[in-house]
Structures are given as structure tokens and as C-alpha cells.
Amino acid sequence: MVCVSRKSKKTTGRASTPATVALERAGIEFRTVEYEHSSEHMDDGYGIEAAEKLGLDPKRIFKTLLADTGAERVVGIVPVSGHLDLKALAAAVGAKKASMADPRRAQRETGYVLGGISPLGQRTQHRTVLDSSALAYSEILVSGGKRGFDIGISPQALLTALKATTADIGTW
């Protein structure tokens, strides 16, 4: 089951998450997309499951990953069909190196569960870098804050909402 809705008024019920609340408060246009999450896809990843269930190109669906530079944690947003290049992410934020953040720390600092980490509405604000491949699309999907719930948003609006930058941080 896939449910798509455009958001312009206050979101309530299942579709209300800190991510949607943050976008509404900022007055940024977005749409929500829900699908029935299944644990059968965990070998492929949550984003690949979303692409399959929604019938979308995995290059348009982006995952949110938290990395640690030693001095700070930073968010990298890359297509689900690829991987986060930690060296490129470190360079993009002026660090010497980066490693993936501990999953428990990622959940604690973002306020979201793994597989549902949204770049929006996180408990702790982190510097964020969006892979430049996103700019090729008028709309991309990012996690809406829970498994089976995504947000459709223009890359430019996402950059504005997050005060983020872009860089080539994805690999295929």
C-alpha cells in the first residue's frame, strides 16, 4: 500500500513527525509518501525497499547517515543506491577524516531509529552535506522520520531547510 499526500496545512496523525513539523514551521513545501515497511528487505537496506515499493529510481531516494570527524558529528545525505564516501565528506566539512558514528549515538542525537533517520527535525543540529547528484532532480525523497514514511522535497528546499551544503560525497 502506498499513500501519497501533499502537505500545506498542519499535519496530524500518522504523518506527523519532527521532520514534517520542522518543514511546516519553516513554510517549506513538501509531500509525504507512506508504504508498508517489511523486514524482509533488510539485507538490501531500507532505501532500496522504498525504491522497490514506490517504483522509483533508487538514485532519487536519499539516505541520511551520521559520521564522526573527531571534532563533531556531521550528516551526509546520499542516494540509497550508493555509499557515503567518508573522505569526501570529511573534506567537505574541513576535517582530516571521518568515520561512521556509532548507531546508538546516531539514534540518540537524531531522535530517530535506524532506517528512519531523517535529516530534518533532529534533536541535535548537525552540519549537513547533500550529495550533489540530488541537484539533477526536481524532487528527491528523504526519510520522514520513521520506516515506511518518506518526504518528497526539492533539493533546493532541503538545502534551505537544513542550511546544508552540497559536495560529491556519494560513490557507486
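How many helices and strands are there in the protein chain?

The model is predicted. Its protein chain holds 5 helices and 11 strands.

**Exercise 1. Describe the chain as a whole: burial, contacts and surface.**

Step 1. Take burial. The protein chain has 172 residues, and 47% of them count as buried.
Step 2. Take contacts with a separation of 6 or more. Residues 24 or more positions apart account for 61% of these.
Step 3. Take the surface. About 8,700 Å² is exposed, and carbon and sulfur atoms supply 50% of that area.

**Exercise 2. Work out the strand order of the open sheet of 5 strands, and find which strands stand at its edges.**

Step 1. Write the order: S6-S3-S4-S7-S10, with mixed pairing.
Step 2. Look at the ends. S6 (99-100) and S10 each have a single partner strand, so one side of each lacks a neighbour in the sheet.
Step 3. Zoom in on one pair. S4 (residues 73-79) runs parallel to S7, and 4 bridges join them.
Step 4. Pick a bridge. Ile-77 has Leu-130 in S7 as its bridge partner.
Step 5. Add the helix. H5 packs on the sheet and touches S4, S7 and S10. The direction of H5 makes about 170 degrees with that of S7.

**Exercise 3. Place Lys-163 and decide whether it is buried or exposed.**

Step 1. Locate the residue. Lys-163 sits in the loop between helix H5 (155-162) and strand S10 (165-167).
Step 2. Apply the cut-off: exposed means over 50% relative accessible area. Lys-163 has 74%, so it is exposed.
Step 3. Check the backbone. Lys-163 is not a glycine, yet its phi is positive, at about 55 degrees.

**Exercise 4. Assign Thr-17 and Gly-115 to their loops, classify their exposure and list their contacts beyond four places in sequence.**

Step 1. Start with Thr-17. This residue lies in the loop between strand S1 (2-7) and helix H1 (18-26).
Step 2. Buried means under 20% relative accessible area. Thr-17 has 7%, so it counts as buried.
Step 3. Leave out residues up to four places away in sequence. Thr-17 then touches Gly-144, Lys-146 and Phe-149.
Step 4. Turn to Gly-115. Its loop runs between helix H4 (103-110) and strand S7 (127-131).
Step 5. The relative accessible area of Gly-115 is 31%, so this residue is partly exposed.
Step 6. Set aside neighbours within four places in sequence. Gly-115 is in contact with Tyr-46 and Arg-147.
Step 7. Finish with a distance. Gly-115 and Lys-146 are 31 residues apart along the chain, and 7.2 Å separates their C-alpha atoms.

Conventions. Residues are numbered from 1 along each chain as its sequence is written. This is a predicted model: local features need pLDDT of at least 70, side-chain atom pairs count only at pLDDT 80 or more; totals for chains, interfaces and linings use all residues. Side-chain values use heavy atoms; hydrogens and water are left out. Helices (H or I, at least four residues) and strands (E, at least two) are DSSP runs, numbered from the N terminus. Buried means under 20% relative accessible area, exposed over 50%, partly exposed in between (1.4 Å probe, protein chains only). Contact means heavy atoms within 4.5 Å. Two strands pair if DSSP finds at least two bridges between them. Axes are lines fitted to C-alpha atoms, for helices over the stretch in contact, and angles run from 0 to 180 degrees between N-to-C directions. Accessible areas come from the Shrake-Rupley method with a 1.4 Å probe; for residues, only the protein chains shown count as cover.
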